[in-house]
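Biologist: I am new to this structure and would like to learn how each label is earned. Could you show it to me and take me through the reasoning?

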Amino acid sequence: MRAVTWQGPKQMRVEEVPDPVLKEATDAIIRVTTTGLCGSDLHLYEPLSPFMTPGDVVGHEPMGIVEEVGASVDNLAVGDRVVIPFNVSCGSCWMCEHGLQSQCETTQNKEHGTGASLLGYSKLYGQVPGGQAEYLRVPFANYGAIKVPQGPPDDRFVFLSDVLPTAWQAVVYAGVGPGDTLLVLGAGPIGDMSARIALHRGVEVIVADRVPERLSRVASRGASVINVDEAGKEFADEVRARTGGRGTDAVIDAVGMEAHGSPMVEAVHKVVGKLPDAISQPLMKKAGTDRLAALSSAFEAVRRGGTVSISGVYGGAVDPLPMMQLFDKQLQLRMGQANVRRWSDDILALLQQDEDVLGVESFATHHLPLDDAPSAYADFRDKKDGMVKVVFNP
Ligand SMILES: NC(=O)c1ccc[n+]([C@@H]2O[C@H](COP(=O)([O-])OP(=O)(O)OC[C@H]3O[C@@H](n4cnc5c(N)ncnc54)[C@H](O)[C@@H]3O)[C@@H](O)[C@H]2O)c1
Ligand SMILES: [Zn+2]
Ligand SMILES: [Zn+2]
């Protein structure tokens, strides 16, 4: 089959690789019909290079048609239409039973001290072959695979694998409801969808980013927007000015250690990328990319007693946190990888309404063949060509 493979920092290549086969009784094989490109894939593109092996098949946002099922997969049949969660979770351990599927104790990666395995996401997360490919082996398909109805186009359902549950969890963790105010940092796919979900729940939403097309997209859904570059040092003042001088009830950080646009971070990545893995792996774990720009503005802009909900991915351990500010402002922090299966049934119910309330069918800005992946990664990273969300149709 053809698949998108990681070959080195900033080098993705579409290659012929062996077709996946059933390995466990709980596996299924699917033929992938639509598969997303995510901001998280950009971390693999460069900063997480020390944890990648040339030839790794990437991608974690697939959906498709069941081709084959293992002996103990009794909830799926050949021909079923399914969306596959980005986290690989067993469904029966303590964590899965408590709605913490991204911490699944069966697929945790103890060697690296990390949580549940993820599809197509480096040695840190199990080195599971990913879903930007024509076919995919789905581990724990008996629990993970989300069956969706035939009929509507793939784009109605494909974001159930990651964008929707991640944004949903971000809004739940932000603890906001009708009439509350929410600042969303980042208008990439995750920030954009978080804003849509919050607006749908009657929350007053402000979205901040530096990419004008991304801001106008969320503005057209009813959010008010701030360009962080234009606001500069006055950013938090601007947020307070719009919220009775107080700051928003909650902030969602949908930026994370976003690995581009900061000269310092780029320099670190260049150096780390050239070191042998034995040296660079601990360096990346400890030093990470250590860029807390977005997070610091979250702490500034949230009101006293408010909540900061972090869905952007962070790494590193050397950044000092502003403990005095956190304590003095009496802030609450929630974060983590999305527990996809915890939210997917609720979201699917919303997606099955006739009206496309979250605008998922027009959410992707680009539908591309798999062969375009190498240039799509580069363009998505550089935010070229109005690119917000790319889906590949293998
Ligand atoms: N928690 C999870 O389960 C989960 C799932 C998917 C993605 N993620 C993470 O969410 C983050 C966003 O993903 P995405 O797909 O939307 O990626 P993205 O890279 O397209 O979006 C990030 C956006 O943040 C903007 N930005 C950069 N610096 C900013 C700043 N200081 N203030 C405001 N905006 C700023 C960028 O211009 C960009 O539009 C990534 O870190 C990704 O890894 C987490
Ligand atoms: Zn993703
Ligand atoms: Zn589990």
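Modeller: Gladly! One term first: a helix here is a DSSP run of H or I with at least four residues, and helices are numbered from the N terminus. What you see is a predicted model. Helix 4 is such a run, covering residues 163–174, and the residue that follows helix 4 is Gly-175, with a positive phi near 70°.

Biologist: What makes the length of helix 4 agree with its number of residues?

Modeller: The expected span is 1.5 Å times one less than the number of residues. For the 12 residues of helix 4 this gives 16 Å, and the end C-alpha atoms lie 16 Å apart, so the two values agree.

Biologist: Why is helix 4 called largely enclosed?

Modeller: A residue counts as buried if 20 or more other C-beta atoms lie within 10 Å of its own. In helix 4, 11 of the 12 residues are buried, so the rest of the structure largely encloses this helix. Among the buried ones are Val-163, Trp-168, Gln-169 and Tyr-173.

Biologist: What covers the buried residues of helix 4?

Modeller: The cover includes helix 5 (189–200) and helix 13 (340–351), together with strand 9, strand 12, strand 13 and strand 14. Helix 4 packs on the sheet to which those strands belong, and its direction makes about 155° with that of strand 13.

Biologist: What is the strand order in that sheet, and how are the strands paired?

Modeller: It is an open sheet of 6 strands with parallel pairing, in the order 11-10-9-12-13-14. On average, neighbouring strands are turned by 20° against each other, direction ignored.

Biologist: Why are strand 11 and strand 14 called edge strands?

Modeller: Strand 11 (224–227) and strand 14 (332–335) each pair on one side only.

Biologist: What makes strand 10 and strand 11 a pair?

Modeller: Two strands pair if DSSP finds at least two bridges between them. Strand 10 (residues 204–209) and strand 11 have 4 bridges, in the parallel sense, and Ile-206 stands opposite Ser-224 there. Further along the sheet, strand 12 and strand 13 run parallel and are joined by 5 bridges, with Ser-309 as the bridge partner of Ile-252. Strand 13 also pairs with strand 14, in the parallel sense over 4 bridges; Val-308 stands opposite Leu-333 in that pair.

Biologist: Why is strand 13 called largely enclosed?

Modeller: The count decides: 7 of its 9 residues are buried, so strand 13 is largely enclosed by the rest of the structure.

Biologist: What makes Arg-214 count as buried?

Modeller: Arg-214 has 23 C-beta neighbours inside 10 Å, and the cut-off is 20 or more, so it counts as buried. Arg-214 sits in helix 6 (residues 212–219). Leaving aside neighbours within four places in sequence, Arg-214 is in contact with Ala-187, Gly-188, Asp-209 and Val-388.

Biologist: Which residues come nearest to ligand 1?

Modeller: There are 31 residues around ligand 1, and Gly-39, Ser-40, Gly-186, Gly-188 and Gly-256 come nearest. Two or more residues of the shell come from each of helix 1 (39–45), helix 5, strand 10 and helix 11 (293–301). Helix 1 gives the most, with 4 residues.

Biologist: There is another sheet to look at. Why is one side of strand 2 and of strand 4 left without a neighbour there?

Modeller: This open sheet has 3 strands in the order 2-1-4, with antiparallel pairing. Strand 2 (11–16) and strand 4 (56–57) stand at its edges, and because each has a single partner strand, one side of each has no neighbour in the sheet. Strand 1 (residues 2–8) and strand 4 run antiparallel and are joined by 2 bridges, which meets the requirement of at least two. Trp-6 stands opposite Asp-56 in strand 4. Helix 14 (residues 373–382) packs on this sheet, touching strand 1 and strand 2.

Biologist: Last one: why is the chain called as compact as a globular protein of its length?

Modeller: The globule rule gives 21 Å for 394 residues, and the radius of gyration is 20 Å, close to that value, so the chain is as compact as a globular protein of that length. The chain has 14 helices and 16 strands, and 52% of its residues count as buried.

Key: Residues are numbered from 1 along each chain as its sequence is written. Chains are lettered from A and ligands numbered from 1 in the order in which they are written. This is a predicted model: local features need pLDDT of at least 70, side-chain atom pairs count only at pLDDT 80 or more; totals for chains, interfaces and linings use all residues. Axes are lines fitted to C-alpha atoms, for helices over the stretch in contact, and angles run from 0 to 180 degrees between N-to-C directions. Two residues are in contact if their C-beta atoms, placed from the backbone, lie within 7 Å. The radius of gyration is taken over C-alpha atoms; the globule rule is 2.2 Å times the number of residues to the power 0.38. A residue is near a molecule or strand if its C-beta atom, placed from the backbone, lies within 6 Å of it.
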